[in-house]
Amino acid sequence: MVCNDSRSSGQEARLIYAVTLPLSTAIMLANLPIILGIAYSRQLRNPPGYFYLSLLLADVGMGVALPFIPWMALGRALRFSACLLVHVFPNFLFLAFVSNLLLVHYDRYASIASPLHRARSWLYRRHCLTLLAAWLLPLLFALMPAFGWNGREERGTNTTAPVFPTAFIYLEVYGLLVPAILAIAVMTGRVLWITRGQLRGIQRLERAVGDAGRHRRLELRYARCVAAVTLAFLACWMPYMVYMHVCMAFLHRRGEQGNTRAHTVLLCTGIAGMASVPLLLGLANKDYTDAARRLMGKLWHRRTREDDTGGGTRYVSLSHRLF
């Protein structure tokens, strides 16, 4: 991740924009109805709603940063201050997204693992501070290169100095990203395990009343749930994990350059998979989708009512002119 004097070709630029701009637009537009629905609904003005709303805003930030992220690994002729900006800002939005995603997963895990103690926890009683930490801590970490942790001192005032040193990249990947992804996987697995235990209790009651058909339906429903969660996790996280380890392998082999097209496709696929996680979490909760549906329905009815009123007004004025 170096800002040097070698200019990317026009073909690389066209490929990056052709892949990233449609994905960026789709990410932002897909989150907009749910954001408006949560902001409009009074029933969702609670800590879980605020946590999820913050995640959706971070997801929109991911959509904004997506066209800039592929350029972080390509050489461009930039001044060092501009190079810091185009590296630090997308990195901050990416880390804020991961932080908010981890917060929402922990909130859902706590609601199942300890539902009685969740409302009394510091996470809920001080949810404003929790949200502030979810944004402020990624910002402080992303600003470390601007505070001096960069490779500029090694080459004097040369603008070709690396913005992200190797130690910084290793710390971000294996100190922040990998533990966050593993924590999300562990919490998801723990929720499925708790659900399995609750299902066994329900099945014992069903066997006591002799309802074998319902017992089999519950088993099938749980199996579908496990399969859906597993496939969703693999589809959303596996492309980015592959891309991340490929990049770390090239970073370990200094001097080697990867395929720009493969880099762009892997990165955009991984980012798009991660950005779809908040939407899947929203689709799994009917409160969020119903709020967005009600808001869109009200806006549609208001628009049609205004069109009907406007048409009737034009008809009346025209009739006065004729008669």
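Two residues are in contact here when heavy atoms of one lie within 4.5 Å of heavy atoms of the other. By that rule, and leaving aside neighbours within four places in sequence, Tyr 222 is in contact with Leu 192, Thr 195, Arg 196 and Leu 199.

What you're looking at is a predicted model, in which local features need pLDDT of at least 70 and side-chain atom pairs count only at pLDDT 80 or more, while totals for chains, interfaces and linings use all residues. Residues are numbered from 1 along each chain as its sequence is written, and side-chain values use heavy atoms, with hydrogens and water left out.

**The overall picture**

The protein has 10 helices and zero strands. Helices (H or I, at least four residues) and strands (E, at least two) are DSSP runs, numbered from the N terminus. Read from the N terminus, the elements go α-α-α-α-α-α-α-α-α-α.

How much of the protein is buried? Of its 323 residues, 38% count as buried. The word buried means under 20% relative accessible area, exposed means over 50%, and partly exposed is in between (1.4 Å probe, protein chains only). The accessible surface adds up to about 18,600 Å², and 64% of that belongs to carbon and sulfur atoms. Accessible areas come from the Shrake-Rupley method with a 1.4 Å probe, and for residues only the protein chains shown count as cover.

Now for contacts along the chain: among those between residues at least 6 apart in sequence, 79% join residues at least 24 apart.

The unreviewed UniProt entry carries the annotation "transmembrane region" for residues 15–38, 50–72, 84–106, 127–147, 167–193, 222–242 and 262–284. UniProt positions are given in the numbering used here, feature names are shortened, and annotations may be inferred rather than shown by experiment. Residues 15–38 are 100% helix and 0% strand in the model, with end C-alpha atoms 36 Å apart. Residues 262–284 are 96% helix and 0% strand, and there the end C-alpha atoms lie 33 Å apart.

**Four residues to click on**

| Residue | Helix | Relative accessible area | Class |
|---|---|---|---|
| Leu 21 | H1 (residues 10–40) | 44% | partly exposed |
| Thr 130 | H6 | 9% | buried |
| Val 191 | H7 (residues 166–209) | 18% | buried |
| Tyr 222 | H8 (residues 212–252) | 16% | buried |

Let's take their surroundings in turn. Leu 21 is in contact with Ile 16 and Pro 67, leaving aside neighbours within four places in sequence. The C-alpha atoms of Leu 21 and Gly 63 are 8.8 Å apart, though 42 residues separate the two along the chain.

Thr 130 touches Phe 51, Leu 103, Trp 122 and Leu 123, not counting residues up to four places away in sequence.

For Val 191, the contacts beyond four places in sequence are Tyr 109 and Ile 112. Val 191 and Ala 110 are 9.2 Å apart, C-alpha to C-alpha, and 81 residues apart in sequence.

Back at Tyr 222, the C-alpha atom sits 7.8 Å from that of Arg 196, a residue 26 places away along the chain.

**Aromatic pairs**

How many aromatic pairs does the structure hold? There are eight. Which way do the rings of Phe 51 and Tyr 124 face? Their centres are 6.1 Å apart and their planes are at 85°, so the pair is edge-to-face. Rings of Phe, Tyr and Trp (its six-membered ring) pair if their centres lie within 6.5 Å; planes under 30 degrees apart count as stacked, over 60 as edge-to-face and the rest as tilted. Phe 51 lies in helix H2 (residues 47–65) and Tyr 124 in helix H5 (residues 122–125), so the pair ties together parts that are 73 residues apart in sequence. Both Phe 51 and Tyr 124 are buried. Elsewhere, ring pairs link Phe 94, Tyr 240 and Tyr 243 into a cluster.

**A nonpolar patch**

Trp 122, Leu 129, Leu 132, Leu 136, Leu 137 and Leu 140 form a nonpolar patch on the surface, and together they have about 590 Å² of accessible area. Patches are made of residues with over 30% relative accessible area and no salt bridge; like charges are joined within 9 Å, and nonpolar side chains (Val, Leu, Ile, Met, Phe, Trp, Tyr) within 5 Å. A salt bridge is a side-chain nitrogen of Lys or Arg within 4 Å of a carboxyl oxygen of Asp or Glu.

Helix H6 (residues 127–142) supplies the largest share of the nonpolar patch, five residues. Leu 137 lies in helix H6 and is exposed, with a relative accessible area of 55%. Thr 130 lies in helix H6 too, but Thr 130 is buried at 9%.
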